[in-house]
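This briefing is for a reader new to the structure shown below. It goes through the strands and then turns to the place where the chains meet.

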Amino acid sequence: MKRFILTAISGLYLSIAFAQTTNPLKSNGERESQVYYAFTNAVIYTHPDKSFKGTLLIRDGRVVKSGGDVNLPAGTVVRDMKGAFIYPAFIDALSTAGSPEIKPVHKSGPVYERKNEKGFYWNQAVHPETRASDLIKTDDTAFTILRANGVAITHTHVPDGVIRGTGMIAFTGGEDEREKILKANSGLVYSFEKGSSPQDYPSSQMGSIALLRQFFYDANWYNSTNKKKDYNLSLEIFPSLDSLPRFFSVKDKQEILRAMQIANEFDKEFIYRGTGDEYQRADVFASQKTKLIIPITLPGPAEVSDPFNAGLVNLSQMKHWELAPHNARILTEKKVPFSFTFEGIKNPEELQKNVAKMIDAGLPFKSALCAMTQTPAEFLGIENEAGTLEDGKLANFIITSDSLFKKGSQILETWVNGYRHIHKPVEMADIRGNYDLNIGGDKIYTLIVSGDRFSPKAKAALKGSKDTIEILLDAGADLLTLNLQPDKKLSKDSLPQWMRLSGKVNYKSGIWDGKGQDARGNWINWSAIKKGDYKQPADTTKKHNFPPGEVLYPFNGFGFSDLPDTSIILIRNATVWTNEAEGILTSTDVLLKDGKIAEIGKGIDISKIRTAVTIIDATGKHLTPGIIDEHSHIAISKGVNEGTQAVTSEVRISDVINAEDINIYRQLAGGVTTSQLLHGSANPIGGQSGLIKLRWGRTAEEMKFDASPGYIKFALGENVKQSNWGPMHNIRFPQTRMGVEQVFYDAFQRTKEYMAEWEAYNLLTPKERNKKKVSAPRVDLELEALAEIMRKERFITCHSYVQSEINMLMHVADSMGFKINTFTHILEGYKVADKMKEHGAAAATFSDWWAYKFEVNDAIPYNAALLNEMGVLTAINSDDAEMGRRLNHEAAKTMKYGGVSEEDALKMITLNPAKMLHVDDRTGSIKTGKDADLVLWSDHPLSVYSKALKTIVDGVVYYDRAEEEKKRIAIENERIRLINLMLEAKKRGEKTESPKPEKSRQYHCDTLEE
Amino acid sequence: MRTFIISILLFTVSASLAQEKPKLFVHAVLYTGDGNVYTDGMFAFKGDSILYSGYYNPDFDFSNYEVIDASGKYIYPGFIAPNSTIGLREVDAVRATLDYAETGLYNPHVRSQIAYNAESVIIPTLRSNGILQAQVVPKGGVISGTSSVMQLDAWNWEDATVRKDDGVHINWPSMFKRTGWWAEPGKTELNKERDKQLTEIRAFLREAKAYSELKDRKETDPRFESLRDVFTGNKTVYFHANFSRELMEIARFVKDNSIPKAVIVGGSDAWRVPEALKESGLSVIIDRVHDLPKQEDDPVDLPYRLPALLHKAGVTFALSYDGDMEVMGSRNLPFTAGTAVTFGLRPEHAVQALTGNTAKILGIDKHTGTLIPGKDATFFISAGDALEMKTNRVEAAWIQGRPVDLGNKHIDLYNKYREKYGLE
């Protein structure tokens, strides 16, 4: 029909001049279509919010004009579209249509380095140079499905890697490969998934983040330095690709928040391909005007018919089922810019059904259409060409049988880049209705034709009879065939008696006529005369319009619908364990104000306070500082260990905090207010730690302990030398304790050289740099973290067991000029307590673990007591989500094993870890001016019979045992409400998803793989 | 059996004739393990068995006893650790020290008794906290093997045996299986192999039963031989399962296959289906009280409350310390009972779940488990409440009337390094 050249889209469009193809002209007389096409009498939407009844005139794949009254030029093919609707065809802002299948590589052993390839970035998960246009198969069925769903343009890419390469904007239809591409290199696509790279690194999400950050630094350096040694295509090409729109494909809403951190750091804007749970943090996205691409697919109801099995379905899954259709509505209300992606939508019926659900949930039709047309065009930077049917734009449009998204409305044709794609035989008229069927001139039947307009069904009854005869009807554009057995009362032994009728349709008169053969083969004449029009049966499915449940923060049963805020709280008459010189104070009041401890004393007078004061009667109860878990692996997403290299100081746990981990709430229930989230112990120098306050309901960013210094995990012994990793892991250096020492020397030697290089550079003035042609050294995130240790801005927590290695590391540290802040686990610390004290190292240990590895054979439960007695700052930590909620029990064991005093025992889980973490000016004791991080206990805080009644962080009660029963009932009621709705949905025919008990992974520092 | 030192025994010994006379403890808090507690208790034993147990009786004729004032102290039956791998594994990460999981799926003939290492250095650390007996259980496969009950102060496994081959352990096929890998755990999926697995188990047991009735057998089948006693009630079948519907299935299975003695191990959902369990006479060994809730929506304290819930529902239960680091961690078993008390169980019932109930479930209650006159003198004295970390101080213990060495490697190392540092 038409062609146009790719360069035309950059804006130089002349309405008269014909677009030209790069194809040679054909010599068989075939020419491009030159005529006008007019679609008249249709309801036309040129924009999501602009519609009229009238005409759309197109030529050469472009809109010439549209309006209520359009003069049709000579040479126009006119199609009367009475009753039909025309909309701009849809645009999918990010898909994987036509991509080869990406499979993770199965390896027989570890792969540390990239092999046999030169000129690319060192890590195979990063390949900006990959071009979708080289790999996408545009004849894939995915394109056919998209077209059938009304999509004319899709921005597709190969979903492989952390930097996946560029996508291409493709037409979903057309004849020639070349004309299917609207724009190659249309945008650079990122993700946190490693994809098919055989290299071990990155094995965790924090590794992916570090890799991405390092790549950005490398690209800056590579393209500005004059000191590069080798050519690197990936880095060289990057600046040209970085100017394209940037897309980030994620797995959930928290990943969007993580990617936004990277966006801020490098001043880049991403468009996020989300998964449909964005409403759960809509406020954050609204405040940042985050651009989102969200799915149209919706989760099915869970299989809840068995009450026991239903117990395995979490409330969060049930609630998401209910609220997913509200996602688009909520984002619209909050003015978050979003477009839809059609990925996963199998057919137009599913599309209609899902969008109708969203519209029922309150999404304005206009917004739905906008998110499929105008917004994605803007995201892709093709809004001057596509997205609306303005004069001069691409004639990409769909014709529908009824108003779009209305039940029964069908997409009849999709026009893509000038090509007409017919989904339904639109030339076939609607033959549905009531007829008088006359067969052979002697019998008259009443014939009823109903059902789908394009594949109608028929049944008949002899006039005056009630016996219905099923008819097999095969209707085409002009001809039709009917098969029937007129005599229903055949005896059992007789053969079936089929009559076959063939005829033609005269639409205008509503008459069918033709010839046929009866069951005995006699030829007969027949005809049918239309007596009445078809009436669409009323929609009898019950529509529920119950208001949906609330969004909870975080999104699970124990989340808040309204986040609690600070208030003034007076805790009256408690036994207060101050951890200060005052010791344990009886019958004492503590006043909390603005998140701080405002006053401690007896009979505090609050009569002068003008605002409301919450008074907690603590008579007979104990108040302690909040528990600090020095060694925790809760609330970490997608990998606690990077561990694929001996040194991974570039990775940061704080990048992957999972603010929705139920274990945060469970720790609060055990009195924990602060947790240090540590990298695992798979390598000598692990990742940077994250310190969080358990501000349940807040985002990861909001949970971070502000103003705390940096921390990092080191490790020694069996884990780092891969002793228990299986026979394949015997090539990474180090494999012995001897090698471990050298890894540390080497890392800190490199750090010193790196620091010196930067120092030399920083000493030069910009002028001198210019003159001497000195460019900045390469930023190395791994060494930056170690340099922070040297500068005392980052503190080490080192996983350690046996005395030899503990001594070794202190020697390394002393000789290289840094300190070991804390030895964690430190199970043989008691053997070197004197040396640790001299070095100034603290000890964070288990109360009584041993015998799980060879290196813990000499571990003793008296360790903490002995270290404490020797004057080493000592803490008890958990390393375990279950034990983390009973740290008071663990501290109490130091009283049993070694006779530690009760005050010292409590300090081991409060003040001492606060000191190790350098936050003892903020938390760890009950002192005026400190953060109000407190626990109210039912009993002696070190007793097994004591329960945390209230856990307060920054003056906010995040856990209240008195509310537990209410919460349990609320969860139960909400579950029952949703189960009822789900069963109703199942009855309506929606496909259920089987119960899947959540087994969330509990990380320990030994966690490597299953 | 073993020599002993009661160096930390701080009792006042009343008479020099003491050596010959039976010991009589007075004024202790006495838990008898049958659900009773005597706040001012009196307890005596002679030789290997208990003579007296009950309230302090001032009218008692004390003349023939060595009377020991145990005011402020606590007396308990020796705690029993059921469902354990004590003596079968030493260092979890060192394969050579592991003897608890045989290869293959159906190993009822594999017996833990003979693999029990009486010299395990872990065992003395358990005794120090009051654990004096244990059920030693093979793990893995579908039928893991046959367990035995051992006492924890012995020269060898023969000495240690309290009950040989007490039962066979079946890991009931789970309705779900886990997917994904460690960094990205997948959701757990329905176990599609389950029907096949259940059919296999049924077929195996039916054939075993028929074999036990066979009059003209040609060959000895060691696996079926080991199941012979299961159908007479001389061996208990321990079904390891947790999910409510699995428990209902087992209740049905036990009846259908006429298994006289059966027990659930795990049973985290047992409180949801107590009727089915009671109807089939199933008691429960709870795997570990100190556990996280199985489901996100579960009340945070549900595992802590499980014992109280089972008690209320009338299901007989005992506590075990199954799971990660279960052998060395078994010394914390008493504290899990403490947690059960915090969450609604009475202390005397918590003690019962470590002693009397355990003995009953393991079929050793005729001789041990409770402090009833005539039974074995297997008990210990603690300076304080033994279910509480800060007061659990086992000062003396006896197994079958023999005093037990309460020293261990940890105490030795502690003392060694105190000495090095010149600490008192």
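**The open sheet of chain A**

In chain A, 8 strands form an open sheet with mixed pairing, in the order β6-β7-β8-β9-β10-β11-β12-β13. The model is predicted. Besides this sheet, chain A has a barrel that 8 strands close, and 85 of the residues of chain A are in contact with chain B.

- The edges of the open sheet are β6 (90-95) and β13 (338-341) of chain A, each of which pairs on one side only.
- Between neighbouring strands of this sheet the average turn is 25°, direction ignored.
- Within the sheet, β8 (residues 163-171) and β9 (residues 181-191) of chain A are antiparallel and share 6 bridges.
- Gly167(A) has Gly187(A), in β9(A), as its bridge partner.
- Helix α2 (residues 141-148) of chain A lies across three strands of chain A, namely β6, β7 (151-156) and β8. The helix runs at about 135° to β7(A).

**The barrel of chain A**

- Going round the barrel, the strand order is β17-β18-β19-β20-β21-β22-β23-β24 (chain A), and the pairing is antiparallel.
- From one strand to the next, the twist averages 30°.
- The pair β23 (residues 511-517) and β24 (residues 523-533) of chain A is antiparallel, with 7 bridges.
- Opposite Ile511(A) stands Ile529(A), a residue of β24(A).

**Two hairpins that share β26(A)**

- Strand β25 (residues 568-577) of chain A runs antiparallel to strand β26 (residues 584-593) of chain A, and 6 bridges join them.
- Ala574(A) is bridged to Thr588(A) in β26(A).
- The hairpin of β25(A) and β26(A) has 6 residues between its strands. In its turn, Asn579(A) has a positive phi of about 65°.
- On to the next strand, β26(A) is joined by 5 bridges to β27 (residues 596-601) of chain A, again in the antiparallel sense.
- Val590(A) has its bridge partner, Ile600(A), in β27(A).
- Between β26(A) and β27(A) the hairpin has 2 residues, and Asp594(A) in the turn has a positive phi of about 50°.
- Strands of a sheet pair through backbone hydrogen bonds, in either the parallel or the antiparallel sense.

**Where chain A meets chain B**

- The contact involves 85 residues of chain A and 68 residues of chain B.
- About 6,700 Å² is buried between the two chains, with 58% of it on carbon and sulfur atoms.
- On the chain A side, the residues that lose the most area to chain B are Trp850(A), Lys896(A) and Tyr945(A), together 12% of what that side buries.
- How many salt bridges does the rule find across the interface of chain A and chain B? There are 6.
- Glu869(A) and Arg418(B) meet through their side chains in a salt bridge, at 2.7 Å from N to O.
- Between chain A and chain B, 36 residue pairs are in polar contact, both residues being at pLDDT 80 or more.
- Helices of chain A that each supply at least two residues of the side touching chain B include α8 (307-310), α9 (315-323), α14 (662-668) and α20 (833-839). Also among them are α21 (863-869), α22 (887-896) and α25 (961-987) of chain A.
- By class, the side of chain A that touches chain B is made of 36 nonpolar, 23 polar and 26 charged residues.

Key. Residues are numbered from 1 along each chain as its sequence is written. Chains are lettered from A and ligands numbered from 1 in the order in which they are written. This is a predicted model: local features need pLDDT of at least 70, side-chain atom pairs count only at pLDDT 80 or more; totals for chains, interfaces and linings use all residues. Side-chain values use heavy atoms; hydrogens and water are left out. Contact means heavy atoms within 4.5 Å. Buried area is the accessible area (1.4 Å probe) that two parts lose on being put together, summed over both. A salt bridge is a side-chain nitrogen of Lys or Arg within 4 Å of a carboxyl oxygen of Asp or Glu. A polar contact is a pair of N or O atoms within 3.5 Å; within protein, one must be able to donate a hydrogen and the other to accept it, and residues adjacent in sequence count only if both atoms are side-chain atoms. Helices (H or I, at least four residues) and strands (E, at least two) are DSSP runs, numbered from the N terminus. Ala, Val, Leu, Ile, Met, Phe, Trp, Tyr, Cys and Pro count as nonpolar, Asp, Glu, Lys and Arg as charged, and the others, Gly among them, as polar. Two strands pair if DSSP finds at least two bridges between them. Axes are lines fitted to C-alpha atoms, for helices over the stretch in contact, and angles run from 0 to 180 degrees between N-to-C directions.
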